[in-house]
Amino acid sequence: MWGIFSNTIERIKRVHGCEPTLNSFNVAFLQGTEESLKQAIFVFLTQFIMLILTLSHIWINRADFHIPSLLHLAVSICGTVVVNSMAKQSRENFDDFANIFPQYIGTTLYKIDAFSNIFSGFLVAICTFLLLMMTSDNLDIVLNATALLFVLELDEVMIYNNPIWVTSLYRAHFMKDIVKELNETDKRYWDPEYLRKDRGEHYRIHTPSCSFLFPSK
């Protein structure tokens with residue numbers, strides 16, 4: 001039983017050590033509700049469709065790709081570096097959350113989260129550079145420099161990352177996990193009804209290890 005609490009404490013330490021920014025997929029995993037799952041799926045579909053439209057636009061207008069002026073080239077490179085840095089932060093949040101909750105790995109939410117924050121991150125960075133290299137108007141370059149960041153951050157924008165709300169979300173998930181694991185353990189060690197039976201004559205307390213011993217008959 002102590003192992004259950006020690007595992008929970010260890011995960012709490014990891015949360016405070018990493019403090020990953022939660023996204024729609026993380027919240028759907030932690031809450032486990034149908035509403036949060038639907039929101040995560042619609043966010044993923046929106047991101048997917050927006051990326052498809054962006055790639056389609058680049059392919060249709062590929063003839064406009066050219067080597068612009070030195071200033072335009074500098075903006076294109078800098079804009080791509082900024083977008084890639086934001087994408088890297090999303091990848092780090094993804095890895096941190098998976099390290100805190102190993103049971104998240106392999107789930108459907110984990111897979112679409114990986115697409116949204118790893119694959120899409122690289123894709124958004126490449127598309128940003130191509131879009132900027134295809135743009136001639138100065139104002140359009142400014143607008144396109146970080147426009148695709150919205151696609152990448154859509155899953156985080158939908159979440160109210162207030163520290164109090166995030167803490168309560170983690171607390172509720174950990175408590176639910178503790179109750180689940182307790183129900184799966186041998187109830188003799190914590191069920192008060194069982195421990196009070198026969199005035200406790202069916203077990204003895206092992207003080208050095210702070211544990212119950214149930215002698216076999």
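Begin by selecting T54, which, once neighbours within four places in sequence are set aside, is in contact with C127, L131 and L148, where contact means heavy atoms within 4.5 Å. The model on your screen is a predicted one, in which local features need pLDDT of at least 70 and side-chain atom pairs count only at pLDDT 80 or more, while totals for chains, interfaces and linings use all residues. Residues are numbered from 1 along each chain as its sequence is written, and side-chain values use heavy atoms, with hydrogens and water left out.

T54 belongs to helix α3; helices (H or I, at least four residues) and strands (E, at least two) are DSSP runs, numbered from the N terminus. Is T54 buried or exposed? Its relative accessibility is 14%, so T54 counts as buried, given that buried means under 20% relative accessible area, exposed over 50% and partly exposed in between (1.4 Å probe, protein chains only).

**The whole chain**

Now zoom out and colour by secondary structure. The protein chain contains nine helices and two strands, and, read from the N terminus, the nine α elements come before the two β elements. Of its 217 residues, 36% count as buried. Among contacts in the chain with a separation of 6 or more, 75% join residues that are 24 or more positions apart.

**Helix α2 and its ends**

Select residues 24-31, which form helix α2, where seven of the eight residues are buried. The buried ones are S24, F25, N26, V27, A28, F29 and L30. At the N-terminal end of α2, N23 acts as a cap, with a side-chain oxygen 3.0 Å from the backbone nitrogen of F25. Just past the other end, G32 adopts a positive phi of about 70°.

**The cores**

Next, show the side chains of L22, F25, L30, F101, L109 and Y170, which have the most contacts inside the largest nonpolar core, a group of 22 residues. A nonpolar core is a set of buried Ala, Val, Leu, Ile, Met, Phe, Trp, Tyr and Cys residues joined through side-chain atoms within 4.5 Å. At least two residues of this core come from each of α2, α3 (34-60), α4 (70-100), α5 (108-133) and α8 (163-184). Which helix gives the most to this core? That is α2, with five residues. In soluble globular proteins, nonpolar side chains tend to be buried together.

Stay with L22 for a moment: not counting residues up to four places away in sequence, L22 touches V27, L30, F97, E156, I159, N161, V166, L169 and Y170. Apart from the largest core lies another, of 13 residues, with L51, L131, L148 and V151 among them.

**How the helices pack**

Display α2 together with α3: their axes are 8 Å apart and the helices pack at an angle of about 160°, where axes are lines fitted to C-alpha atoms, for helices over the stretch in contact, and angles run from 0 to 180 degrees between N-to-C directions. Therefore α2 is roughly antiparallel to α3, since angles over 145 degrees count as roughly antiparallel, under 35 as roughly parallel, 65 to 115 as roughly perpendicular and the rest as oblique. Their crossing is left-handed, meaning that the near helix is turned anticlockwise from the far one by less than a right angle, while clockwise would be right-handed. The residues that meet are S24, F25, V27, A28 and Q31 in α2 and S36, L37, Q39, A40, V43, F44 and Q47 in α3.

Then add helix α7 (residues 149-157), whose axis comes within 9 Å of that of α3 and crosses at roughly 175°. This makes α3 roughly antiparallel to α7. The contact is made by V43, T46, Q47, M50 and L51 of α3 with F150, V151, L152, L154 and D155 of α7.

**Two loops to finish**

Select T135 in the loop between α5 and α6 (138-145); because its relative accessibility is 9%, T135 counts as buried. Its side chain makes a polar contact with the side chain of N144 at 3.4 Å. A polar contact is a pair of N or O atoms within 3.5 Å; within protein, one must be able to donate a hydrogen and the other to accept it, and residues adjacent in sequence count only if both atoms are side-chain atoms.

Finally, go to A63 in the loop between α3 and α4, which is exposed, with a relative accessible area of 73%. The C-alpha atoms of A63 and M134 are separated by 8.4 Å, although these residues are 71 residues apart along the chain.
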